[in-house]
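Student: Could you take me on a close look at one part of this model, and then connect that part to the rest of the chain? I have the sequence and the coordinates open beside me.
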Amino acid sequence: MCSIISRTKPVHRTLAVTQLLKARPGGSRCAAAGRRSLCPGVSAGVDPLRAASRSYCSRVTLNGGLLFRQLFEKESSTYTYLLADTDTGDAILIDPVLETADRDLKLIRELGLNLKVAVNTHCHADHVTSTGLLKKRLVGLKSAISKLSGATADILLAEGDEIAFGKHHLKVRETPGHTDGCVALVLRDQRMVFTGDALLIRGCGRTDFQQGCAKKLYNSVHQKILTLPDRCLVYPAHDYLGQTVSTVGEEREFNPRLTKSLEEFVVLMNNLNLPKPKKIDIAVPANLVCGVHEV
């Protein structure tokens, strides 16, 4: 709905949303959620099937006191995720990008949030994290990354650790294979998982540099992510085709790489012959020191 309605004028858009909501069961509940934001993509409970078809829209979810935004950086096609407890205002930021630091800070201040932790799902090779810059601008902000990444941070994460914000938390699952320090972050009730580069929408991260190992990645995704409930929403660190969200059930059934056998997967990943990321020589050294080398 969002991709269609966003092309109409504001007045016509409001009418279109109203008509669509009236035509749907539970429309009054959706309409109430819609009044909380200017984006027609607001919902009181995310439906994975409808969510999977939407294009580049910032996402807002208010459910059980959780505020959620999905933000996009176009050069590296990186998603940054903001989650907050609506009662306390405590928030976390996942995979922030240096070029969009001002945007993220503006949004956090507009929403009156207290950003507690900025976490990277791994040591990225295609962009520089804004974690170091954010720490300079927000007193008390802590950085976090896997202890297996070899990077510097205030919090070094390991399997089973929890990152708390208000009454909510994300639980860490180690998912090596793209890099040794990859982690997936699972919301407490397992309705959302932030997969970094380990699992992408109908794809996965490459395994030909930075300690990459196809066998490790295959086992990590199958054991740590695809064992989550079918309706658990999958939010990756990147997407290059305009897709914003998937589900565990969809990826288990339709992912063209991870539905192969382990042997087939290893052969495929070892023969991708991809060019190296353009920023790898800058990004990796910077991200190993929290992105603070030139900020």
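Where in the chain is the place of Ser-77?

Tutor: Happy to walk through it with you, keeping in mind that this is a predicted model. Ser-77 sits in the loop that links E2 to E3. Its phi is positive, near 55 degrees, in a residue that is not a glycine. The relative accessible area of Ser-77 is 12%, which is under the 20% cut-off, so the residue counts as buried.

Just along the chain is Thr-78, and this residue offers a link to a remote stretch of sequence. The C-alpha atoms of Thr-78 and Asp-239 are 7.0 Å apart, although 161 residues separate the two along the chain. Asp-239 belongs to the loop between strand E14 (233–236) and strand E15 (246–247), and its relative accessibility of 4% makes it buried. That pair goes well with a figure for the whole chain: of the contacts between residues at least 6 apart in sequence, 60% join residues at least 24 apart.

The two strands on either side of the Ser-77 loop lead us to helix H5. Strand E2 (66–73) and strand E3 (78–85) are among the elements that cover the buried residues of H5, which spans residues 101–110. The cover also includes strand E4 (90–94), strand E5 (114–119) and helix H6 (131–137). Underneath are the buried residues of H5 themselves: Ala-101, Asp-104, Leu-105, Leu-107 and Ile-108. Looking down the helix axis, you will find these buried residues within an arc of 165 degrees, so they line one face of H5. Turn to the other side of H5 and you meet Asp-102, Lys-106, Arg-109 and Glu-110, which are exposed. After H5 comes Gly-112, with a positive phi near 65 degrees.

Let's carry on to the loop between E5 and H6, both of which help to cover H5. His-122 is in this loop, and it is buried, with a relative accessible area of 1%. Setting aside neighbours within four places in sequence, the contacts of His-122 are with Ile-145, His-178, Thr-179, Gly-181, Cys-182 and Asp-197. With Ile-145, 23 residues away along the chain, the C-alpha separation is 6.5 Å.

Some of those partners point towards the loop between strand E9 (168–174) and strand E10 (183–187), where Gly-177 is found. Gly-177 is buried, at 0% relative accessible area. Beyond its neighbours within four places in sequence, it touches Thr-207, Gln-211, Gly-212, Cys-213, Lys-216 and Leu-217. Its C-alpha atom is 8.3 Å from that of Gly-205, 28 residues apart along the chain.

Leu-217 brings us to another helix pair, since it is one of the H7 residues that meet H9. The axes of H7 (residues 214–225) and H9 (residues 262–269) come within 9 Å of each other and cross at roughly 130 degrees. The two helices are therefore oblique to each other, and the crossing is right-handed. On the H7 side the contact is made by Ala-214, Lys-215, Leu-217 and Tyr-218, and on the H9 side by Leu-262, Phe-265, Val-266 and Met-269. Sorted by class, that contact has seven nonpolar residues, one charged and no polar ones.

Ile-225, within the 214–225 span of H7, is also a contact of Thr-195. Thr-195 is in strand E11 (residues 192–196) and is buried, at 1% relative accessible area. Leaving aside neighbours within four places in sequence, its other contacts are Val-183, Ala-184, Val-234, Tyr-235 and Pro-236.

One last comparison returns us to your starting residue. Asn-273, in the loop between H9 and helix H10 (280–288), also has a positive phi of about 55 degrees without being a glycine. Here the burial is a contrast: Asn-273 has 69% relative accessibility and so counts as exposed, whereas Ser-77 is buried. In H10 itself, Ile-280, Ala-283, Val-284, Ala-286 and Asn-287 are buried, and the helix is followed by Cys-290, with a positive phi near 70 degrees.

For the wider setting, the chain has 10 helices and 15 strands, and 53% of its 295 residues are buried.

Notes:
Residues numbered from 1 in each chain as written. Predicted model: local features only at pLDDT ≥ 70, side-chain atom pairs only at ≥ 80, totals over all residues. Heavy atoms only, no water. Axes fitted to C-alpha atoms, helices over the stretch in contact; angles between N-to-C directions. Helix = DSSP H or I, 4+ residues; strand = E, 2+ residues; numbered from the N terminus. Parallel < 35°, antiparallel > 145°, perpendicular 65-115°, else oblique. Left-handed = near helix turned anticlockwise from the far one by under 90°. Contact = heavy atoms within 4.5 Å. Nonpolar A, V, L, I, M, F, W, Y, C, P; charged D, E, K, R; others polar. Buried < 20%, exposed > 50% of the residue type's maximum accessible area, 1.4 Å probe, protein only. Arc of directions from axis to C-beta.
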